[in-house]
Amino acid sequence: MADLDPATLIPEEARARFRAGLSVPTSGWSAGWTQANLIAVPREQAYDVLLFAQRNPKPCPVLDVTEPGEVACEIFDGDLRTDLPGYRVYEHGELVDEVTDVRDLWREDLVAFLIGCSFTFEAALLEAGAPVRHIETGNNVPMYRTNRPCRSAGSIGGPLVVSMRPMPAEQVATAVRVTSRYPAVHGAPVHIGDPAALGIRDLAAPDFGDPVPVHEGEVPVFWACGVTPQAAIMESRPPFAIGHAPGMMAITDALDSDYLVP
């Protein structure tokens, strides 16, 4: 991969590399193609997850849902069991494994949800001249649990999770304007400025992903994050669930432009 720009790979090519065992964050991969979060739960919990997403559309914008047991869908012509670079496996809300292949764990009753991801609008941020620090540093995006509860749905409830990208003060308005045109992938920020207002004590200690430097004159900008369903799984403790490893997304066959509004 050292001599190959992952941004130039089409989804099928990227997924083939992940299927072969490559495990890396996908920010900056397959430019122009939509990335998605994955959460798969037994059919018994699927309605509650769907209702949770409907009640919390900012962190949980649903792009597609599979039939029980299926491993592909309209926007993902691959195999959801192998074609992401990393997975997390939960039993009764506890993280029990992190793997690159879940074929042995997939069940016939699992319903998979693809949830919009803010990586989708990062190319637009860069094109507008706004920095994306974790791409600059080659790290995963920092993600934080907040003190803001989501609306519960049946057996599923939990806190809002946010991702953070520091912006020079003069580019905050640009970041808001650009990302607000992508409501299906979290849209505009949910908070700008003081992390403590979200209950975040230390930007250098994210709950998921990697810390990134915030330079003098920069403002932390927070977007709703599709890891929110996994935080809900950890809090609500359903018997079984599979999610993507944070920052290691499903690269879909949908175009970013499909989710751009005027």
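In this predicted model, the count of cavities of 30 Å³ or more comes to one. Its volume is about 70 Å³. Rolling a probe the size of a water molecule over the atoms shows where such empty space is left.

The lining of the largest cavity is made up of 14 residues, and those nearest its centre are Asn 37, Cys 117, Ser 118, Met 143 and Cys 225. By residue class, the lining holds seven nonpolar and seven polar residues, with no charged ones.

Where does the largest cavity lie with respect to domain 1 and domain 2? Both domains give residues to its lining, so the cavity lies between them.

The domain assignment of the protein chain gives domain 1 as 7–116 + 233–252 and domain 2 as 119–228. On the domain 1 side, 29 residues take part in the contact, and on the domain 2 side, 32 residues do. The C-alpha centres of the two domains are 20 Å apart.

The table below summarises the interface.

| Property of the interface of domain 1 and domain 2 | Value |
|---|---|
| Area buried between the domains | about 2,400 Å² |
| Share of that area on carbon and sulfur atoms | 62% |
| Salt bridges | zero salt bridges |
| Polar contacts (both residues at pLDDT 80 or more) | 12 residue pairs |

Within the area that domain 1 buries against domain 2, Phe 52, Arg 55 and Lys 58 supply 24%, more than any other three residues. Although Arg 55 and Lys 58 belong to this group, the count of salt bridges between the domains is zero. Polar contact across the interface is nevertheless found, in 12 residue pairs.

Methods: Residues are numbered from 1 along each chain as its sequence is written. This is a predicted model: local features need pLDDT of at least 70, side-chain atom pairs count only at pLDDT 80 or more; totals for chains, interfaces and linings use all residues. Side-chain values use heavy atoms; hydrogens and water are left out. On a 1 Å grid over the protein atoms alone, a cavity is a set of points where a 1.4 Å probe fits but cannot get out, and a pocket is an open set with protein on both sides within 12 Å along at least five of seven lines; lining residues have an atom within 4 Å of a point. Grid points are joined across faces, edges and corners, and a volume is the space filled by probe spheres set on the points. Ala, Val, Leu, Ile, Met, Phe, Trp, Tyr, Cys and Pro count as nonpolar, Asp, Glu, Lys and Arg as charged, and the others, Gly among them, as polar. Domain bounds come from an automatic or database domain assignment. Contact means heavy atoms within 4.5 Å. Buried area is the accessible area (1.4 Å probe) that two parts lose on being put together, summed over both. A salt bridge is a side-chain nitrogen of Lys or Arg within 4 Å of a carboxyl oxygen of Asp or Glu. A polar contact is a pair of N or O atoms within 3.5 Å; within protein, one must be able to donate a hydrogen and the other to accept it, and residues adjacent in sequence count only if both atoms are side-chain atoms.
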